[in-house]
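I am opening this notebook to record what I looked up, residue by residue and element by element. The entries follow the order in which I went through the model.

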Amino acid sequence: METQQLHRGRLIDHLQLVTPDLETSRRFYGAVLEALDVPIGGEAERFFWADELFVSAVDSIAAQGRPTGRCHLAFQAKDRAMVEAFHKAGLAAGGTDNGAPGERPYHPGYYATFLLDPDGNNIEAVFHGEAERSADSVVVTFEG
């Protein structure tokens, strides 16, 4: 096994979406993740992944022949400009507007945008406002 690094420290360890059209999803998620400065971590013929997100084809072994149902997934953005870049990139890559970038009433400083991905999932980018973090993430290194 080669050395791998994962960034951890939140509630979700990973999330898998199963799609009937992997190439369309790969284009959409490649574009919005690039806008968030998150690289695609790896890919194969029937899946790709980035950090905690895994997207698999419906005919992959893990999918068991069924796409996931509609879900809401929110990505963290570093600032308002990143939220806006996410929205623009997602629209250009086949997403559908589900809420233009702007402040939301959830708490002061909550700035977000919403897109529907090619499978109808509600995908959000959110910047929670200026705050001080103790660390960007927790880095876990595995060596084989």
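**Entry 1: T113**

I began with T113, which is buried, its relative accessible area being 0%. The model I am reading is a predicted one, and I keep that in mind for every value below. T113 belongs to strand 9, and I looked for a polar partner of its side chain: a polar atom there lies 2.8 Å from the backbone oxygen of G99. Setting aside neighbours within four places in sequence, I found T113 in contact with V83, F86 and H87, with G99, A100, P101 and R104, and with I123, E124 and A125.

**Entry 2: the nonpolar core**

Next I asked how many residues the largest nonpolar core has and which of them have the most contacts inside it. The count is 28 residues, and the names with the most contacts inside this core are Y29, L36, L53, V55, F75, F86 and I123. I then noted the elements that each supply at least two residues of this core: helix 1, helix 2 (80-92), strand 4 (47-50), strand 5 (53-57), strand 6 (72-76), strand 9 (111-116) and strand 10 (122-127). Helix 1 gives the most, with 7 residues. As background I wrote down that nonpolar side chains tend to be buried together in soluble globular proteins.

I followed V55 a little further, since it is listed among the core residues with the most contacts. Not counting neighbours within four places in sequence, V55 is in contact with L17, T19, L22, S25 and Y29, and also with R46, F47 and F48.

**Entry 3: the cavity**

I then looked for enclosed space, and the structure holds 1 cavity of 30 Å³ or more. The volume of the largest cavity is about 40 Å³. Its lining consists of L17, V18, T19, S25, Y29, V55, T68, D117, D119 and N121, and I sorted these residues into 4 nonpolar, 4 polar and 2 charged. V55 and Y29 thus appear in this lining and also in the list of core residues with the most contacts.

Which elements each supply at least two residues of the lining? They are strand 2 (15-19) and helix 1 (22-35), and the largest share, 3 residues, comes from strand 2.

**Entry 4: two residues of helix 1**

Is R26 buried or exposed? R26, in helix 1, has a relative accessible area of 16% and counts as buried because the cut-off for that class is under 20%. The side chain of R26 makes a polar contact with the side chain of E23, at 2.9 Å. Apart from neighbours within four places in sequence, R26 is in contact with E43, A44, E45, F47 and F48.

A35 is also found in helix 1, and with a relative accessible area of 18% it is buried. I checked what A35 touches when residues up to four places away in sequence are not counted, and the list reads M82, A85, F86 and A89. The C-alpha atoms of A35 and H87 are separated by 8.7 Å, although these residues are 52 residues apart along the chain.

**Entry 5: two partly exposed aromatic residues**

W49, found in strand 4, is partly exposed at a relative accessible area of 24%. Leaving out residues up to four places away in sequence, W49 touches I40, G41, G42 and F54. From W49 to P39 the C-alpha distance is 9.1 Å, with their positions 10 residues apart in sequence.

F142 is in strand 11 (residues 138-142) and is partly exposed as well, with a relative accessible area of 34%. I also took its distance to L17: the two C-alpha atoms are separated by 25 Å, and the residues are 125 residues apart along the chain.

**Entry 6: positive phi**

Last, I went through the backbone angles, recalling that most residues other than glycine have a negative phi. Where does D37, with its phi near 65°, sit? D37 is found in the loop between helix 1 and strand 3 (42-44), and at 55% relative accessibility it counts as exposed. Q64 is not a glycine either, yet has a positive phi of about 55°; Q64 lies in the loop between strand 5 and strand 6 and is exposed, with a relative accessible area of 58%.

Definitions and conventions. Residues are numbered from 1 along each chain as its sequence is written. This is a predicted model: local features need pLDDT of at least 70, side-chain atom pairs count only at pLDDT 80 or more; totals for chains, interfaces and linings use all residues. Side-chain values use heavy atoms; hydrogens and water are left out. On a 1 Å grid over the protein atoms alone, a cavity is a set of points where a 1.4 Å probe fits but cannot get out, and a pocket is an open set with protein on both sides within 12 Å along at least five of seven lines; lining residues have an atom within 4 Å of a point. Grid points are joined across faces, edges and corners, and a volume is the space filled by probe spheres set on the points. Helices (H or I, at least four residues) and strands (E, at least two) are DSSP runs, numbered from the N terminus. Ala, Val, Leu, Ile, Met, Phe, Trp, Tyr, Cys and Pro count as nonpolar, Asp, Glu, Lys and Arg as charged, and the others, Gly among them, as polar. Buried means under 20% relative accessible area, exposed over 50%, partly exposed in between (1.4 Å probe, protein chains only). A polar contact is a pair of N or O atoms within 3.5 Å; within protein, one must be able to donate a hydrogen and the other to accept it, and residues adjacent in sequence count only if both atoms are side-chain atoms. Contact means heavy atoms within 4.5 Å. A nonpolar core is a set of buried Ala, Val, Leu, Ile, Met, Phe, Trp, Tyr and Cys residues joined through side-chain atoms within 4.5 Å.
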